[in-house]
Amino acid sequence: MANIKSAIKRIDVAKKNTARNRIVKTEVKTVIRKFKELVEAGEKDKAKDLLKLVDKKLKRAVKTGVMHKNKASRTLSQMAKMLNK
């Protein structure tokens, strides 16, 4: 355990940030999984609506620094490609 006051604070802040990042990552993964399930089931209309939500979640993850913008862009592109097959 850290002895310096600023180091103790950094540990606390890191724990809060980690918890927040974990929540955002989990939301993104869940929405992506649901999208893939809809595409595999052949429900293109519902998947199309869900793609908008995926885009929103990915952009939020990028904005908060949880995910790199290129990864989010690549993921969205792959999902759009999946939908259009």
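Visitor: Which residue forms a salt bridge with Arg60, and how far apart are the closest N and O atoms?

Guide: Good place to start, and keep in mind that this is a predicted model. Here's the general idea: side chains of opposite charge can pair when their charged atoms come close. In this structure, Arg60 pairs with Glu27, and their closest N and O atoms are 3.2 Å apart.

Visitor: Why does that pair tie together parts that are apart in sequence?

Guide: Look at where the two partners sit. Arg60 belongs to helix H2 and Glu27 to helix H1, so their salt bridge links parts that are 33 residues apart in sequence.

Visitor: Are Arg60 and Glu27 buried, exposed or partly exposed?

Guide: Buried means under 20% relative accessible area, exposed means over 50%, and partly exposed is what falls in between. Arg60 has a relative accessible area of 44%, so we call this residue partly exposed. Glu27, at 26%, is partly exposed too.

Visitor: How many salt bridges does the structure hold?

Guide: There are five. One of them joins Glu37 to Arg33, with the closest N and O atoms 3.6 Å apart. Another brings together the side chains of Asp55 and Lys59, at 3.4 Å from N to O.

Visitor: Where do Glu37 and Arg33 lie, and how many residues apart are they?

Guide: Both are in helix H1, four residues apart, and that spacing is about one turn of the helix. Glu37 is partly exposed, with 43% relative accessibility. Arg33 is partly exposed as well, at 44%.

Visitor: Why are Asp55 and Lys59 separated by about one helical turn?

Guide: Because they are four residues apart in helix H2. Now check their accessibility: Asp55 has 21%, so this residue counts as partly exposed. Lys59 is at 55%, which means this one counts as exposed.

Visitor: Which residues do salt bridges with shared partners join into one network?

Guide: That network is made of Glu27, Lys57 and Arg60. You've already met Glu27 and Arg60 as a pair.

Visitor: Let's turn to the surface. Which residues form the positive patch?

Guide: To read a patch like this, remember that Lys and Arg count as positive. Here the positive surface patch is formed by Arg22, Lys25, Lys29, Lys71 and Arg74. Two elements give two or more residues to the patch: helix H1, covering 5–41, and helix H3, covering 69–84. H1 gives the most, with three residues.

Visitor: Where is Lys71, and is this residue buried or partly exposed?

Guide: Lys71 is found in helix H3. Its relative accessible area is 40%, so Lys71 is partly exposed.

Visitor: And the inside? How many residues does the largest nonpolar core have?

Guide: The general idea first: in soluble globular proteins, nonpolar side chains tend to be buried together. In this model, the largest nonpolar core has 18 residues, and Phe35 and Val54 have the most contacts inside it. H1, helix H2 (44–63) and H3 each give two or more residues to this core. The largest share, seven residues, comes from H1.

Visitor: Is Thr75 buried or exposed?

Guide: Use the cut-off from before: Thr75 has 12% relative accessibility, so this residue counts as buried. Its place is in helix H3.

Visitor: How far apart are the C-alpha atoms of Thr75 and Glu27?

Guide: They are separated by 14 Å, and the two residues are 48 apart along the chain. Try another pair: the C-alpha atoms of Lys15 and Met79 are separated by 32 Å, with their positions 64 residues apart along the chain.

Visitor: Is Lys15 buried or exposed, and in which helix is Lys15 found?

Guide: Lys15 is found in helix H1. At 56% relative accessibility, Lys15 counts as exposed.

Technical notes
Residues numbered from 1 in each chain as written. Predicted model: local features only at pLDDT ≥ 70, side-chain atom pairs only at ≥ 80, totals over all residues. Heavy atoms only, no water. Patch = residues over 30% accessible without salt bridge, like charges linked within 9 Å, V, L, I, M, F, W, Y side chains within 5 Å. Areas by Shrake-Rupley, 256 points an atom, 1.4 Å probe, with all protein chains shown as cover. Salt bridge = Lys/Arg side-chain N within 4 Å of Asp/Glu carboxyl O. Charge placed at Lys NZ, Arg CZ, Asp CG, Glu CD. Buried < 20%, exposed > 50% of the residue type's maximum accessible area, 1.4 Å probe, protein only. Core = buried A, V, L, I, M, F, W, Y, C linked by side-chain atoms within 4.5 Å.
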